[in-house]
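Reader: Please take a close look at one helix of this predicted model, and say first how far the chain that holds it can be trusted.

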Amino acid sequence: MSVLAVSNLAKRYRRGGEPFAAVDDVSFEIEQAETLALAGPSGSGKSTIARLVLRLIGPDAGRIDFEGHDFLALSGAALRARRARLQMVFQDPLAAFNPRATVARVLDDPLRMHNIASRTERPRHIAALLQRVGLDAGLAARAIHEISGGQRQRVAIARAIATRPSLIVLDEAVSALDVSVRGQILELLLDLQRQERIAYLFISHDLGVIRAIAHRVVILDAGRVAESGDARTVIANPQSAIGKALVAATPRLIRNRP
Amino acid sequence: MTALLSIRDLSVRYRRDGVEVQALKGIGLGVLAGERLAIIGESGSGKSTLALAVAGLLARGARIDGTIDWQASQFQTPRSVTPPSVLPDISPARGEIGSSVGGPPSATWEIGESGDDGLISPLAGEMSGRTEGGAKDRQRLPPTNNTPVSGRDIGFVFQDPSSSLDPVMPVGKQIAEVARTHLDLNWQAANAKSKTLLDRVRLPEATLHAYPHQLSGGQKQRVAIAAAIAAGPRLLIADEATSALDTIVQAEIVSLIRRLVAEDGMTLLFISHDIALAATLADRIAVLRHGELIELGETRQIVEAPRHAYTRALLDAHLGLDAKPLLDRQGASA
């Protein structure tokens, strides 16, 4: 059974008075411990799909099954409980968090809201989460705005895994990081996936990153699926026009490797 | 090739949140006339500070030591000292998430020792309606020898065209204004020039009457480039000019910059965090780290035979379409 199954998803907006399909008949599935990447140019619908899957916005048509349940039909306590299993990490954690909150506070929220640990147990849980993402437990007392961008993104990942999710939506989660930090965060994500069997919906405009971390890729163009398949196969030999354009536009670094 | 400018022992310090930050430390660098030089580095490396220093756009209060010497013969006879033909960057933020040091000047800079002689007239050169705060908070070029840099000699393209363009003025007029200011044209001639420039950046003539919000990110960056080259600068500085764009639009803008630089014989300073992208465009690459120039060389030498371990680390961190996937390295699978 797949963790997530999206069927015939559609979302329309109006732009300049004209109706416009941001997402148009999109279907895909993600298995446990699998990374599915969504690739495509700006405006291809990647982030709209992320927002639909997270139920931050509602679709005009289609179905989303999450852990075998009709996710769009859930409400109230059932929705809240299921949401703990579905987490997210965005591009800019500074925008996602209250910058003046401490790291401990950011990690305390999900533990409290989802009744994962009692008040007395939470500091120990927080320390364990920080260690899990490669941060010193002493960082808990620091304010979000005081720590580096890489540390902040690790805190965002710690918060995402606090509720033991089966799926994390990563929307351009490594796009703003320096390249040296980016590699470490990708390694961390892979490590967590192996250990916790978490599935990732990995949204990126960067085919190099997708090729490094994703098992499969869906290439989107103007809200529709242009092609999909094994990430390396698709990127090595794209069939769609947009897939070819994305590959051609990716900068090549031609090195004489020893 | 002769030098267009030579930077000697350039250091820049400024205060941020009450803490003194040394953004550049003793940079020595010659920029050759007509070359495409990439300045690469991670956040906090000082690459944007260097770009701003060359353009004379550092905020007042920045402490600048060292010299930037311009080759006088490279420029037309200066009529008066006017600021560069830039669209001011309002947003202090960059696309990068970085540590708390370095980066471009922020509004918290102190008023330093530079005094009023460093004041750019808020009315000269910059676009109308855009000058509140921005222009008068900036200081003139660091101590220069030879010649004052005429404003029309440097064009500057920033990362975020939305913050560079006036949201309530048609873009054609914004480009015309730069031409009018720096080339002493009347409005009619400036508007004709604007039309030509839009054609040169491959935007349809109807774009003249468009407002920035009606354009895509790539189209806005084309407008910003048209404005930057409107006065016919000898030096074009592109500071992460493609970083906010998707891969396909990024490649288009890089091609556009390459063509315009070749057509006009401009010298290019291409500031980027992306060594692979820089290598597709640059003749030479300078690598900055923590405000220091780590390595400078021909692109081919930097990419194929880097001398410095940090340069090698940057190259190794690049995830290209030929790199071994991390998935394989870890032996993980679904």
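**Confidence, then the helix**

Author: Chain B has an average pLDDT (the predictor's confidence in each residue, from 0 to 100) of 80, and 74% of its residues score at least 70. Residues 76–84 of chain B fall below 50, and the model gives this stretch 23 contacts (heavy atoms within 4.5 Å) beyond near neighbours in sequence. In residues 88–137 of chain B the pLDDT also stays under 50, with 120 contacts beyond four places in sequence. Where pLDDT is low, predicted coordinates should not be read in detail.

The model is predicted: local features need pLDDT of at least 70 and side-chain atom pairs 80 or more, while totals for chains, interfaces and linings use all residues. Residues are numbered from 1 along each chain as its sequence is written, chains are lettered from A and ligands numbered from 1 in the order written, and side-chain values use heavy atoms, without hydrogens or water.

Helix α3 of chain B (a DSSP run of H or I, at least four residues, numbered from the N terminus) covers residues 171–183. Its 13 residues should span 18 Å at 1.5 Å a residue (taken times one less than the number of residues), and because the end C-alpha atoms are 18 Å apart, the two values agree. Buried positions (under 20% relative accessible area, 1.4 Å probe, protein chains only) in α3(B) are Val171(B), Gly172(B), Gln174(B), Ile175(B), Ala176(B), Glu177(B), Val178(B), Ala179(B) and His182(B). Just after α3(B), Asp184(B) adopts a positive phi of about 55°.

Terms used
Helices (H or I, at least four residues) and strands (E, at least two) are DSSP runs, numbered from the N terminus. Buried means under 20% relative accessible area, exposed over 50%, partly exposed in between (1.4 Å probe, protein chains only).
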